[in-house]
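Here's a short tour of a protein model for anyone just starting out with structures. Have a look at the picture, then read on.

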Amino acid sequence: MFVLKNVGKLIFGSSSQESMIELPQGQLYLVRPLSPKGYSELIFKDATARIRRTGQDYQYQLVVQRVYEEGEAELADDEGEDEALNALAAEGDEKTFLLDEALHFRVESREGSQKVLAWKDLSGDAGDVYEFVCDPSIKSAQVEAFERISRQCQYERKYRKPHSTASAADLQQFDFEEQPIPQASPIHSPTLARSIDSSDAMFQLKNEANAGSRRESGPSTAAVLGEPAPRESYEQKPVNTPSPKKAGPPEPPAKPEPVEILSMELGELHFFDFPSGAFVLQDTSVTAQVSDIGKWNYWLHIESSDRQWLGIPVVADINPVFNFEFLSFIFNQFTEDGSAYSWLLRFKDTKTLERFQDGLMRALWEQLNEVKWTKVKEQDRQYVLDAFGDLNMEDAPIEEEEEEPEEVEEPEDDAPQSEHYDSEEEQDDVETEPKDPYTNSALAVGYKHDRSFVVRGPKIGVFKHTPKNHLEFTTNISKVETPHGKSFVPKKVMLHNEDRNLILQNDTDPNKLYRMDLEYGKVVDEWNVHDDIPVVTFAPENKFAQMTHEPTFLGISRNALFRVDPRLSGNKLVDSQLKQYVSKNDFSSVSTTEKGYVAVASNKGDIRLFDRLGINAKTVIPALGEPIIGLDVSADGRWVLGTCRTYLLLIDALQKSGKNEGKLGFEKPFAADSKPQPRRLALTPEHVAQFHHETGKGVSFTPARFNTSKTNEETSIITATGPYIVDWNLEKVLRGAKAPYIIKRYEDNVKADDFKFGTDQNVIVTLPNWVNMVGKQHLKRPTRESIAGDFQRLSTPRRSSGRVGTRESGRYKLGKDEVVNSPY
């Protein structure tokens with residue numbers, strides 16, 4: 001049916017291929033010896049196992065198929081009148097796996113001459129294995145021949161040449177000696193489940209998985225025509241998710257006349273189908289052309305001999321992802337009616353994909369920078385290409401995939417909250433809409449004391465972090481005004497001086513900063529930084545300076561980096577520690593390490609690394625093209641994290657070779673032919689399309705941050721886009737996992753977010769009218785259910801929970817200025 005549940009199906013196409021060898025009778029189990037999900041599961045009571053050729057050279061599948069008893073299949077067909085549903089149910093009748101060394105396929109003999117075939121379930125938990133227990137009627141010679149052919153197939157896949165060229169030693173490498181295969185015991189029968197999982201499950205060799213169809217006399221009409229074959233989704237728990245606006249791909253616009261063709265290659269075209277959560281083969285042979293159409297505009301056009309499939313401008317929003325392991329390019333399309341789609345191109349070999357990547361990246365770079373790609377230095381071009389490829393970081397820990405933490409049954413306080421905080425509040429006093437015209441806009445999380453501060457118009461709400469990891473409303477600073485009594489809305493806030501002060505900036509007067517004394521809840525100082533240098537943003541003198549009495553801090557303008565010292569008379573800018581550039585660098589963000597090293601990013605997309613102020617940068621990291629809107633640095637300076645609108649940029653600042661080996665880019669410059677290794681962190685195109693499908697908006701990340709601790713290294717990254725918070729697992733990122741993040745959806749857009757200090761298990765989330773501390777156990781892998789969100793329990797307030805909006809509640813909305821007016 002050409003519906004692709006994984007890359008195995010993507011690569012191999014139809015399942016109607018030649019079988020090489022077959023074991024005609026046995027039982028298939030899924031054994032989970034280390035998992036709390038249950039020890040084992042009987043998949044097929046009666047089944048056959050065989051090795052099958054595919055439509056591609058040197059590619060083979062291990063196939064286990066259910067066998068019906070006489071009359072059973074006909075009875076099943078008679079029970080269902082809907083052919084489409086019957087076909088979908090038949091998906092569970094066959095399990096297919098790419099026959100690759102990653103499976104660790106092996107055979108074991110047990111007492112009583114029982115033979116067991118086993119291989120890893122690489123889409124499951126650590127230690128999970130599939131086991132095919134052969135019927136006693138199967139002869140040992142048959143099993144030995146099956147094992148021998150499996151090794152030959154793995155050899156051909158690995159080396160891309162016939163197994164006849166292999167020696168016995170060459171085949172011996174596919175003899176995997178593992179721990180004894182665990183005994184399988186049938187616990188329960190499986191429930192057919194389908195979900196949209198991460199592209200980690202779609203694009204890793206180790207997840208060639210659990211998709212197939214009943215044996216048919218021929219392919220379906222939809223498959224022959226190359227049209228999508230959407231199918232409904234069966235879940236263990238039904239989920240009401242809206243259907244996509246269109247069942248199939250949209251009609252392409254007219255192809256513009258190219259000024260120059262940058263690349264033109266042949267490939268396969270696949271379309272992501274929302275109902276089935278799969279890529280659907282559209283055409284086995286298309287031409288993908290990237291062209292310059294003039295005035296820094298570029299076009300991607302895909303067509304076959306008899307159809308125009310796709311035409312889109314090449315812009316950052318297409319979210320390009322290149323996967324060289326599977327020779328694939330995945331990207332998004334956004335149409336004028338607000339719809340979003342995800343496409344996949346697969347090429348015949350690495351060189352073809354490289355040529356296409358060169359053309360597309362040249363187009364994207366020139367569109368973003370309005371600079372010709374040929375004028376960029378070779379090492380800078382390679383840096384850009386590396387950032388958009390699927391790279392694994394050097395020195396990444398090699399470990400087994402850890403289990404996803406079990407959700408603690410701790411109810412999250414999601415009922416609507418009152419805008420009031422007075423002690424006489426009644427249970428029915430629940431206002432779901434605020435009465436003031438402001439919304440929450442900024443967040444500052446305390447390091448020294450367990451407090452968080454949320455800006456809402458000219459007011460600041462103060463929240464205490466409770467021992468049970470909730471937020472407890474403490475007080476409301478109802479008037480933010482200058483020492484002269486002029487009210488203003490803080491644009492930027494930063495905790496200072498052991499969290500006793502809050503540094504504020506008034507957007508209408510960028511040359512001045514203000515100090516609020518949090519013990520009094522009022523602004524006590526107005527600082528004129530410099531008459532001619534407006535402050536774009538500011539940062540602490542070092543990573544943990546807000547926990548100390550350090551009086552100075554750093555600031556940037558569009559083309560200058562400087563220190564601010566409030567102890568100076570007159571202007572507070574320290575002239576001796578001012579680095580000002582003649583050209584307009586358009587600086588946008590600044591961050592510091594524990595040692596006080598400084599990273600400065602710009603709207604041009606480049607990042608400068610300094611070991612101190614007043615001098616030239618030790619390292620300049622090239623721009624990928626998009627403006628950097630946020631910047632963070634790990635405490636030790638190893639990792640630099642930039643936030644762009646549609647992706648994050650993680651950069652390893654440690655030098656691996658040369659005379660400065662072991663030094664950071666902050667301390668010594670990288671060699672001319674050696675740039676820091678980048679890692680572009682983006683949502684998978686499938687998830688981008690689903691986010692857009694749910695919200696009607698594209699990706700727009702909030703400034704991403706590492707978790708911060710004085711004693712532990714960084715392990716996670718938090719950011720948000722629209723109503724979703726996204727938590728990236730740093731270890732999985734460094735291992736090269738394809739979707740190393742978990743999400744949670746809220747009803748409103750997230751305005752600001754940050755980790756609680758000292759942990760990565762709790763995140764403080766600020767919505768327009770709501771503040772919450774959420775535990776990581778409430779974040780889930782991106783699936784159809786988690787992307788759609790579960791708001792059923794938010795529809796009505798809980799009457800049994802006592803007073804709504806009490807101080808013991810998990811989160812509070814900032815209220816009107818009558819809520820609390822007591823000193824902090």
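## A contact to start with

Let's begin with one pair of residues: the side chains of R638 and D652 make a polar contact, at 2.5 Å. This is a predicted model, so that distance is a computed value.

Where does R638 sit in the chain? You'll find R638 in the loop that links strand 32 (630–633) with strand 33 (639–643). Is R638 buried or exposed? Its relative accessible area is 16%, and because the cut-off for buried is under 20%, R638 counts as buried.

## The whole chain

Now zoom out. The protein chain has 824 residues, and 57% of them count as buried. Its secondary structure adds up to 12 helices and 42 strands.

What about the outside? The chain exposes about 35,300 Å², with carbon and sulfur atoms supplying 46% of that. As for contacts, take those between residues at least 6 apart in sequence: 62% of them join residues at least 24 apart.

## How confident is the prediction?

The pLDDT averages 78 over the protein chain, and 76% of the residues score at least 70. Two stretches deserve some caution. Over residues 391–432 the pLDDT is below 50, though this stretch has 126 contacts in the model beyond near neighbours in sequence. Residues 792–824 also have a pLDDT below 50, and there the model shows 109 contacts beyond near neighbours in sequence.

## A three-stranded sheet

Next, find the open sheet made of three strands in the order 40-41-42, with antiparallel pairing. Strand 40 (752–755) and strand 42 (770–775) are its edge strands, each pairing on one side only. On average, neighbouring strands of this sheet are turned by 15° against each other, ignoring direction.

Take a look at strand 41 (residues 762–767), which runs antiparallel to strand 42 and is joined to it by six bridges. Within this pairing, T766 stands opposite V771 of strand 42.

## Two residues with a positive phi

Most residues other than glycine have a negative phi. With that in mind, check out N319: its phi is positive, about 55°, although it is not a glycine. N319 lies in the loop between strand 12 (308–313) and strand 13 (321–323), and at 3% relative accessibility it counts as buried.

E498 is another non-glycine residue with a positive phi of about 55°. Its place is the loop between strand 20 (490–496) and strand 21 (501–506). E498 is buried too, with a relative accessible area of 13%.

Methods. Residues numbered from 1 in each chain as written. Predicted model: local features only at pLDDT ≥ 70, side-chain atom pairs only at ≥ 80, totals over all residues. Heavy atoms only, no water. Helix = DSSP H or I, 4+ residues; strand = E, 2+ residues; numbered from the N terminus. Buried < 20%, exposed > 50% of the residue type's maximum accessible area, 1.4 Å probe, protein only. Contact = heavy atoms within 4.5 Å. Areas by Shrake-Rupley, 256 points an atom, 1.4 Å probe, with all protein chains shown as cover. Pairing = 2+ DSSP bridges. Axes fitted to C-alpha atoms, helices over the stretch in contact; angles between N-to-C directions. pLDDT = per-residue confidence, 0-100. Polar contact = N/O pair within 3.5 Å; in protein donor to acceptor, adjacent residues only side chain to side chain.
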